[in-house]
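Trainee: Could you go through this model with me and show how each label is earned?
Mentor: Sure, ask away once it's on the screen.

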Amino acid sequence: MGSLDEGPLNLDLEMGLKNGCCIELPFEHQPETLEIQDAVKLLLQGLHEDVNRDGIKKTPFRVAKALREGTRGYKLKVKEYVQSALFPEAGLDEGVGQAGGVGGLVVVRDLDHYSYCESCLLPFHVRCHIGYVPSEQRVLGLSKFSRVADVFAKRLQEPQRLADDICSALQHWVKPSGVAVVLQCSHIHFPSLDLDSSSHDGFVKVLVSSGSGVFEDERSDLWGEFLSFLKFKGVKTQAEWCPSVRSKLLLEEDPEMVSAVVSILRSLGEDPSRKELVATPSRFLKWMMNFQNVNLEMKLNGFNSVNLNGEIREKKLHCELKMPFWSMCEHHLLPFYGVVHVGYYCAEGSNPIANSLVKSIVHFFGFKLQVQERMTRQIAETLSPLVGGDVIVVAEAGHTCMISRGIEKFGSSTATIAVLGQFCNDSSARAAFLDKIHN
């Protein structure tokens with residue numbers, strides 16, 4: 001069957017070569033895709049995973065597709081977007097005023113993009129704001145500002161260079177009186193295996209800007225007018241952008257895994273010897289090795305299953321809310337993170353299980369290659385015998401695979417629920433717990 005499938009493809013290639021044509025191979029057969037897949041298989045094996053397991057059998061291809069889509073900017077040209085979208089627009093006569101295609105400030109704001117951090121290969125969110133002053137009685141179609149930003153966002157980047165790239169490209173191809181660019185960038189923290197670490201919470205945020213022409217002086221009145229249109233208040237910036245630079249995780253590097261990441265960089269069209277990328281393989285592996293398939297210690301602290309010896313007591317709902325977790329999607333090798341809420345019934349007069357134990361269980365099942373539905377079920381099944389069988393678990397998470405590939409849906413989140421025992425059939429019990437979450 002395989003030879004029959006390949007026949008037409010080989011014939012097309014042969015005819016194309018004879019006619020002097022260049023036939024592009026299907027995505028899945030392109031050398032860059034195959035090289036990334038081979039590298040990802042090696043990385044999965046380095047995480048002690050079975051690359052033939054159903055859940056991750058197609059992960060190498062999905063990762064290759066996501067990475068190549070996410071760095072397609074290397075092959076895009078600003079000229080192709082801009083030249084056909086410059087429209088004539090009259091302005092006001094000199095001395096009369098500023099408007100239209102001569103001198104009137106134009107602000108395009110809240111353009112959401114993502115890019116891949118060149119230091120650690122993780123995606124980061126970019127909210128882009130652009131201002132420009134048209135000249136020569138022409139304006140640029142508004143949709144093209146997002147297109148131009150995307151050309152440079154879809155590369156391995158760092159925030160300041162991204163802002164400079166967008167600014168200089170618009171100045172060069174549109175030739176306005178000036179361009180101003182402000183970027184709000186958010187990078188997830190690196191997870192910590194320490195249960196009490198604050199790195200589970202929040203993002204590293206930076207605010208960067210770039211200006212050309214009449215916007216070169218950021219102290220000018222024009223800059224002030226541009227900033228007055230932006231719908232955000234001050235963003236606290238941090239000295240070091242990528243958390244991987246500050247990570248204290250000590251890692252004995254596997255040369256084959258390092259070579260695999262170098263191969264990925266090369267397949268994306270980058271130069272792994274570029275000074276900003278030299279340490280990237282090591283930093284990426286620091287991230288990945290948090291999720292290797294080994295048994296993290298989960299101490300049950302001698303806690304036994306609940307046994308009431310046939311005694312019937314009134315039970316009260318006990319809740320452990322907003323316990324943070326980190327995990328990595330086994331389908332795309334991208335992080336998802338959020339909080340877990342747990343509810344269970346505790347007999348009157350008995351002590352609830354320790355908060356540290358519940359956190360330990362959440363932590364244990366988070367630090368793996370996972371899917372959110374499975375993680376939620378595993379936490380519930382582990383807690384069930386410890387609390388007498390009646391347990392409800394809700395996980396709420398943001399998935400970077402939702403913004404960095406395919407749908408590119410910014411701001412979305414996912415909730416998954418697992419119920420056992422009384423919570424299966426008692427809607428009032430579920431409602432009481434969910435009410436505590438939402439309030």
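What follows is a run of questions about labels and the values behind them.

Mentor: One thing up front: this is a predicted model.

Trainee: Okay. Why is serine 210 called buried?
Mentor: Its relative accessible area is 9%, and buried means under 20%, so serine 210 gets that label. You'll find serine 210 in strand E7, residues 203-213.

Trainee: What makes the pair serine 210 and aspartate 164 a polar contact?
Mentor: Their side chains come to 2.8 Å, and the limit for a pair of N or O atoms is 3.5 Å. Beyond its neighbours within four places in sequence, serine 210 also has contacts that include Gln160, Cys167, Val181, Glu218 and Trp223.

Trainee: What about leucine 420, why is it called partly exposed?
Mentor: Leucine 420 comes out at 26% relative accessibility. Partly exposed covers what falls between under 20% and over 50%, so leucine 420 counts as partly exposed. Leucine 420 lies in strand E12, residues 414-420. Leaving out neighbours within four places in sequence, it touches Ala380, Glu381, Ser384, Gly389, Asp390 and Val391.

Trainee: Which class do glutamine 137 and lysine 175 fall into, and on what value?
Mentor: Glutamine 137 has a relative accessible area of 46% and lysine 175 has 41%. Exposed needs over 50%, so glutamine 137 is partly exposed, and lysine 175 is partly exposed as well.

Trainee: And what is noted about their phi values?
Mentor: Phi is near 55 degrees for glutamine 137, a positive value in a residue other than glycine. Lysine 175 also has a positive phi, near 55 degrees, and is likewise a residue other than glycine. Glutamine 137 is in the loop between E3 and strand E4 (138-140), while lysine 175 is in the loop between helix H6 (159-174) and E6.

Trainee: Moving to helix H9, how do you know that its span is close to what is expected?
Mentor: H9 runs over residues 255-267, which is 13 residues. The expected span takes 1.5 Å times one less than the number of residues, which gives 18 Å, and the helix reaches 18 Å from its first C-alpha to its last.

Trainee: What caps the N-terminal end of H9?
Mentor: Aspartate 254 does, with a side-chain oxygen 2.8 Å from the backbone nitrogen of glutamate 256. Just past the helix, glycine 269 takes a positive phi of about 95 degrees.

Trainee: Which elements do the buried residues of H9 pack against?
Mentor: Helix H2 (31-46), helix H3 (59-70), strand E5 (156-157) and helix H10 (280-288). Ile264 is one of those buried residues, and Ile264 also helps line the largest cavity.

Trainee: What makes that space a cavity?
Mentor: A 1.4 Å probe fits inside but cannot get out. The largest cavity holds about 130 Å³, and the count at 30 Å³ or more is one cavity. H2 and H3 are the elements that give two or more residues to its lining, with the largest share, three residues, coming from H3. By class, that lining has 11 nonpolar, one polar and no charged residues.

Trainee: How much space lies in the largest pocket?
Mentor: About 360 Å³. Its lining has 19 residues, and the closest to the centre are His125, Phe203, Tyr337, Ile403 and Gly411. Those lining residues split into eight nonpolar, nine polar and two charged.

Conventions. Residues are numbered from 1 along each chain as its sequence is written. This is a predicted model: local features need pLDDT of at least 70, side-chain atom pairs count only at pLDDT 80 or more; totals for chains, interfaces and linings use all residues. Side-chain values use heavy atoms; hydrogens and water are left out. Helices (H or I, at least four residues) and strands (E, at least two) are DSSP runs, numbered from the N terminus. Buried means under 20% relative accessible area, exposed over 50%, partly exposed in between (1.4 Å probe, protein chains only). Contact means heavy atoms within 4.5 Å. A polar contact is a pair of N or O atoms within 3.5 Å; within protein, one must be able to donate a hydrogen and the other to accept it, and residues adjacent in sequence count only if both atoms are side-chain atoms. On a 1 Å grid over the protein atoms alone, a cavity is a set of points where a 1.4 Å probe fits but cannot get out, and a pocket is an open set with protein on both sides within 12 Å along at least five of seven lines; lining residues have an atom within 4 Å of a point. Grid points are joined across faces, edges and corners, and a volume is the space filled by probe spheres set on the points. Ala, Val, Leu, Ile, Met, Phe, Trp, Tyr, Cys and Pro count as nonpolar, Asp, Glu, Lys and Arg as charged, and the others, Gly among them, as polar.
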